Amino acid sequence: MLIFDKKTATRRAILMRAVAAGAVASVGPWFVRDARSSSGELNWFTWEDYAPKPLMDKFTKDTGIKINVTLFDSNETQLNKLRAARGEGFDMCTPTVTWVGAHVDAGNLQPVDWAQIKTMGNMAKTFHKLPDEMGAIKEGKYYCMPYKWGTEALGLNIDAVKTEYGKASFGDLWDPAYKGKMTCRPRSIMLGTGLWMEGKGDMPAGMMVKSYDDQPTMEKYYGQALEYAIKNKAQIAKFWTGTNDTIVAYRQEGCVIGQTWDGPINQMRNDGDKVKYLAPKEGALTWCDTLAIPKGAKNIEQAYAYMNWALQPEVGGLMANETGYNSIVVGAEKFTNPNYQRNFTEAYPGDAIEKLWFQREEKPWFIAKRQEFAAKLQAA
C-alpha cells in the first residue's frame, strides 16, 4: 500500500487500494450496547448531500439516537455560521480537513478524543496521517476525525463531450466548443486552470502547491489564472457552490462540461442522466471531509456514538452508495453496489488514483484572498 509521499508535489496515495487492504477490525457487541445507552439526540451541521434518509434511518435504528440535520453548501458557510454562533447550536459538524485549522483559529471547535473512538482501527491507515499533515492538530490535540473522501474533476455530458482518460484536461473547460455550456465553482476554477497552465508551460511548475504557504506566490499565480478566467468568462453558464447548484447546471442550464465534485455527477448518473465523472490528466483535486465537535456542543456522547458507528464497513459502504463519495473504512468496498463500483472505476482508470492531487491546509489569509479573487470573477 502506498502512503502520502511528502517529497512529491501530489502526495500520491492509492486510496481505494488502501481501503481494500488489510483485515477488518472487529466491531463487538459493546458497540451497539454503548451507543444505545446514550440515546438522546444529535444535532449535526453537514453538507447538503451527506445525510440521505437511508443512512440517517440506519443510525437511529442501530443506536436509538435521534439525529437532527442542518445543511450547508460550502466550507465558507460552515465556518462563518459556526463563528457567528461561537460554536453553539450543534453537536457535530463536517469541515474539510484543510479547513479545520481555520475553524480552530476562529474558536469554533473543541478537541476530539480519538481514544473514545473504539472503531478507529477500521480506518485505512492512510487517513490517520491527514490531520497532522493538513493542520488539524493544534498543540498536540486532534480537532477532527476523517470521515469520507472525494475529488473535484470533470463532469461530462457523454453525448456532447467526447474524450478519454489521458487526454481529458482541465483545459477542456475552456474549449470554445463549450462556450456558454461550462459550470464551475468560482474559488476552485482558479486551481484547476492553474494546474492546466503549469502543465502546458504557461506557469512554472509547482506554483499551485507553493501558493498554500506563500502569499506573494498565491497572489501572482492565482491572479494569472483569474485573469484568464475573466477574459474567457463567456465559457461559463453557471457558477455552483454545492451539489444542488451542480445538478441544476446540467439539468436546467444546458451545461455539458464542468469542474465539479464527484458526488452530484455520480448521483445523476445513477438516476439515468447521460453524464460521467472523469479525472483529468493534471490529477483530480482531492479532499477529505471530517467529523468535528463544535465548542458549544451539548450532546458530546452522541457525537462520539456517531463517529464510532460511521467507521463500520457496512456503514461506509452504505454511505458511498447513497452519496456517491468514498469511504475511508477498510472493508467498506464489500458493501458497495454495482453503480458505485462502476462510477469509481470509470472515474479513475489507469494511473488516475496515483495522480490524485491533494489540496493542502488552507490558512485564513489564503481563504480570504482566494474569496476576494472569486468575487472578482463573479462580478466581472
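Start with the whole protein in cartoon view: you should be able to pick out 16 helices and 15 strands. Keep in mind that this is a predicted model. Of the 380 residues, 57% count as buried. Now switch on a surface: about 14,800 Å² is exposed, and carbon and sulfur atoms supply 49% of that. If you like contact maps, here is one figure to keep beside the picture: among contacts between residues at least 6 apart in sequence, 77% join residues at least 24 apart.

**Stop 1: the open sheet**

Select residues 41-47, which is strand β1, and then β2 at 66-72. β1 and β2 pair in the parallel sense, over seven bridges. To see one spot along that pairing, show T46 as sticks and look across to L71 in β2, which stands opposite. Next add β3, residues 92-93. The three strands make an open sheet in the order β2-β1-β3, with parallel pairing. Which strands stand at the edges? β2 and β3 do. Each has a single partner strand, so one side of each is left without a neighbour in the sheet.

**Stop 2: a buried glycine**

Stay around β3 and select G87, in the loop between α4 (75-84) and β3. Is G87 buried or exposed? G87 counts as buried, because its relative accessibility is 0%, against a cut-off of under 20%. Now add N108: it sits 21 residues from G87 in sequence, yet the two C-alpha atoms are 4.6 Å apart. Besides N108, G87 touches L82, P294, K295, G296 and A297, leaving out residues up to four places away in sequence.

**Stop 3: strand β7 and its partners**

Jump to residues 145-157, strand β7. All 13 of the 13 residues here are buried, so β7 is largely enclosed by the rest of the structure. Bring in its pairing strands one at a time:

- β12 (residues 285-291) runs antiparallel to β7 and is joined to it by seven bridges. Select M145 and you can find its bridge partner in β12, L291.
- β14 (residues 326-327) also pairs with β7 in the antiparallel sense, over two bridges. Here K148 is opposite S327.
- β10 (residues 257-261) is another antiparallel partner, with five bridges. A153 faces T260 there.
- β11 (residues 275-278) is antiparallel to β7 as well, through four bridges. Look for L156 opposite K276.

**Stop 4: the nonpolar cores**

Keep M145 on screen and add I117. I117 touches M145, along with V112, Y304, M307, N308 and L311, not counting residues up to four places away in sequence. I117 also belongs to the largest nonpolar core, which has 78 residues. Which members touch the most others? They are W44, L55, I117, Y147, Y306 and Y348. Helix α13 (residues 300-310) gives the most to this core, with seven residues. For contrast, give another colour to F170, Y178, L195 and M218, which are among the 36 residues of a second, separate core.

**Stop 5: helix α14**

Next, select residues 313-323, helix α14. Nine of its 11 residues are buried, so this helix is largely enclosed by the rest of the structure. The buried ones are P313, V315, G316, G317, L318, M319, A320, N321 and T323. What covers them? The cover includes β7 and α13 from the earlier stops, plus α3 (53-63), α12 (262-270), β14 and α15 (338-347). Straight after the helix, check the backbone at G324: its phi is positive, near 85 degrees.

**Stop 6: T243 and the cavities**

Move to T243 in helix α11 (residues 243-251). T243 counts as buried because its relative accessible area is 2%, below the 20% limit. Leaving aside neighbours within four places in sequence, T243 is in contact with E48, D49, W261, P264, Q267 and Y325.

Hold on to W261, since it leads to the last selection. A search of the whole structure finds six cavities of 30 Å³ or more. The largest has a volume of about 160 Å³. Its lining comprises 15 residues, and those nearest its centre are N75, T96, R185, W261 and W287. Show those five residues as sticks to frame the cavity centre, and the tour ends there.

Terms used
Residues are numbered from 1 along each chain as its sequence is written. This is a predicted model: local features need pLDDT of at least 70, side-chain atom pairs count only at pLDDT 80 or more; totals for chains, interfaces and linings use all residues. Side-chain values use heavy atoms; hydrogens and water are left out. A nonpolar core is a set of buried Ala, Val, Leu, Ile, Met, Phe, Trp, Tyr and Cys residues joined through side-chain atoms within 4.5 Å. Buried means under 20% relative accessible area, exposed over 50%, partly exposed in between (1.4 Å probe, protein chains only). Contact means heavy atoms within 4.5 Å. Two strands pair if DSSP finds at least two bridges between them. Accessible areas come from the Shrake-Rupley method with a 1.4 Å probe; for residues, only the protein chains shown count as cover. On a 1 Å grid over the protein atoms alone, a cavity is a set of points where a 1.4 Å probe fits but cannot get out, and a pocket is an open set with protein on both sides within 12 Å along at least five of seven lines; lining residues have an atom within 4 Å of a point. Grid points are joined across faces, edges and corners, and a volume is the space filled by probe spheres set on the points.
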